[in-house]
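Visitor: Please take one part of this model and go through it closely, then set it in the context of the rest of the chain. A plain account will do.

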Amino acid sequence: MGALGSLRITGAVDGTGAPVEVLAQGGRIVATGSGELPALPVPPVSPSARPVPVLTADGTIAVPGLIDLQVNGADGWDLTDAPERLWDVAAALGRFGVTAFAPTVITSAPAARAAALAVLRAGAPDGWRGAVPLGIHFEGPMIAPGRKGAHPQRWLAAPSADLVAGWSRADGVLMVTIAPELPGALAVIATLVARGVIVSVGHTQATAAQVAAAVAAGARLVTHLGNAMPPMTAREPGPVGAALGGDVLVAGVIADGVHHDPLSLRTAWRALGPGRFLTVTDTTAALGRPDGPARLGEQDVIVADGAVRLADGTLAGSAASLSQCLRTLRDQVGASLADAVASCTAVPARVLRDPSRGTLNPGARADVTLLDPQTLDPVATIVAGRVVYDARRGLCGSHEGHESFDSHDSHDSHDSHRQGGH
């Protein structure tokens with residue numbers, strides 16, 4: 001998807017502070033190492049070929065491209081309310097260091113789900129660059145009414161074979177969040193898993209035993225741990241205890257500093273370990289926009305002080321970026337940078353069963369995020385060897401055949417049509 005590029009990244013360090021350089025060709029990493037690039041193998045080029053562009057990344061930390069498996073929208077666009085804006089959201093995410101993501105459609109009219117899949121299948125517009133949508137995440141409608149959170153009651157639906165007819169990984173459905181205690185849910189989970197869909201337990205009132213039954217049917221993930229589910233108690237661990245005390249489930253955690261008390265976040269981090277803690281943002285149209293009114297699906301929300309809420313105060317996603325979550329893990333949990341980064345690179349890659357992502361090893365996709373070492377804010381984002389965002393405009397602009405591309409510039413003309421009245 002999209003153009004494949006060749007690029008040398010020089011002058012960066014890895015999470016430990018050691019020098020690291022990356023050489024990409026045809027959208028793949030062909031060599032990584034320390035020291036000067038001439039020591040690395042350089043692919044042959046024909047006399048007419050342009051030289052491989054060089055991105056001088058001095059003073060940055062190079063990490064695998066960030067992956068966010070729960071994105072409701074960004075930069076004013078909500079994917080449930082306006083699924084036709086998928087590629088605008090994907091372009092905007094490059095500005096936040098994201099190289100791949102799961103576009104998330106919450107409980108809504110069936111037409112919204114169909115439209116999201118149609119836009120994904122149609123592919124990116126000509127000349128587009130940004131984060132790669134990996135497939136649609138249907139968060140609902142098969143969720144518990146008592147744990148619906150910000151999901152609209154009128155579109156909740158019971159699990160059934162008819163409802164999920166045509167839902168498969170091959171057809172663009174990457175993930176489905178479901179409440180496993182609902183009648184018929186276990187059969188639907190098994191069906192979806194057989195079709196390659198990742199099934200996540202969420203928006204649920206399930207007991208630990210019901211979660212175990214979902215795991216036996218093939219569920220492997222928990223959607224935003226501790227939110228829209230019962231708390232863990234001494235005699236009924238519920239979904240939280242099933243995740244923290246078990247050894248199978250990966251738990252998506254919104255590490256935005258709002259959805260979890262620092263002690264809760266630290267508990268989840270210690271219990272899950274770096275292998276099962278999946279950092280997600282659950283970000284919304286509010287990402288990258290100022291405080292004020294916005295949208296989540298068909299509902300109005302208010303963004304204030306980093307939180308997104310319905311009028312009654314119910315949390316309704318976040319306004320956070322993955323870099324903000326990395327800072328939260330560093331500052332509130334004491335996580336090492338390597339472990340924090342793994343929670344939104346290597347861990348989602350394992351959830352996806354995609355060894356080409358989440359690493360800077362030779363053979364992997366040339367998806368790289370360059371971070372500021374103090375703030376952890378993205379400095380540049382590279383997708384398949386092409387720069388889709390460069391905060392330091394001029395770093396590479398003088399190199400033949402290479403351009404610095406800021407995805408924010410790609411759709412400023414749409415400001416007057418963005419959701420939320422910004």
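Guide: What follows starts with one helix and moves outward to the cores, a strand, another helix and two loop residues.

The model is predicted. The protein chain holds nine helices and 23 strands, and buried residues make up 58% of its 422 residues. Of the contacts with a separation of 6 or more, 69% are between residues 24 or more positions apart.

The part chosen is helix 6, residues 262-276. At its N-terminal end, Asp261 acts as a cap, with a side-chain oxygen 2.8 Å from the backbone nitrogen of Leu263. The span of helix 6 falls short of that of a straight helix: its end C-alpha atoms are 18 Å apart, where 15 residues at 1.5 Å a residue would cover 21 Å. There is also a bend of about 60° in helix 6, located at Arg270, and the proline Pro274 follows within four residues.

As for the surroundings of helix 6, its buried residues are Leu265, Ala268, Trp269, Leu272, Gly273 and Arg276. These buried residues pack against three helices, namely helix 5, helix 7 (322-333) and helix 8 (337-342), and against two strands, strand 15 (250-254) and strand 16 (277-280).

Helix 5 (238-245) also takes part in the packing of helix 4, whose buried residues lie against it as well as against helix 3 (185-194) and strand 13 (198-201). In helix 4 (residues 208-217), the buried positions are Ala208, Val211, Ala214, Val215 and Ala217. Directly after the end of helix 4 comes Gly218, with a positive phi of about 125°.

Next, the nonpolar cores. In soluble globular proteins, nonpolar side chains tend to be buried together. Here the largest nonpolar core has 77 residues, and Leu93, Phe101, Leu225 and Leu329 have the most contacts inside it. Helix 1 (residues 86-93) contributes the most to this core, with six residues. Beyond four places in sequence, Leu93 touches Val71, Ala74, Val98, Phe101, Ala131 and Leu287. Another core, apart from the largest one, has 18 residues, including Ala12, Ile29, Leu360 and Leu370.

Phe101 leads on to a strand pair. Strand 6 and strand 9 (residues 98-106) run parallel and are joined over four bridges; in one of the pairings, Phe101 of strand 9 is the bridge partner of Asp68. All six of the six residues of strand 6 (residues 66-71) are buried, so strand 6 is largely enclosed by the rest of the structure.

Two loop residues complete the account. Thr60 sits in the loop between strand 4 (54-56) and strand 5 (61-64). Thr60 counts as buried because its relative accessibility is 2%, under the 20% cut-off. Its side chain reaches the backbone oxygen of Ala57 at 2.7 Å. Among the residues that Thr60 touches beyond four places in sequence are Ala12, Leu370 and Arg392; Ala12 and Leu370 are also members of the core of 18 residues.

Gly149 is in the loop between strand 11 (136-139) and strand 12 (173-178). Gly149 is partly exposed, at a relative accessible area of 31%. Outside its neighbours within four places in sequence, Gly149 is in contact with His203 and Thr314. Its C-alpha atom is separated by 9.3 Å from that of Met229, which lies 80 residues away along the chain.

Technical notes:
Residues numbered from 1 in each chain as written. Predicted model: local features only at pLDDT ≥ 70, side-chain atom pairs only at ≥ 80, totals over all residues. Heavy atoms only, no water. Buried < 20%, exposed > 50% of the residue type's maximum accessible area, 1.4 Å probe, protein only. Polar contact = N/O pair within 3.5 Å; in protein donor to acceptor, adjacent residues only side chain to side chain. Contact = heavy atoms within 4.5 Å. Pairing = 2+ DSSP bridges. Expected span 1.5 Å × (residues − 1). Bend = angle between axes of the 7 residues up to and from the residue. Core = buried A, V, L, I, M, F, W, Y, C linked by side-chain atoms within 4.5 Å.
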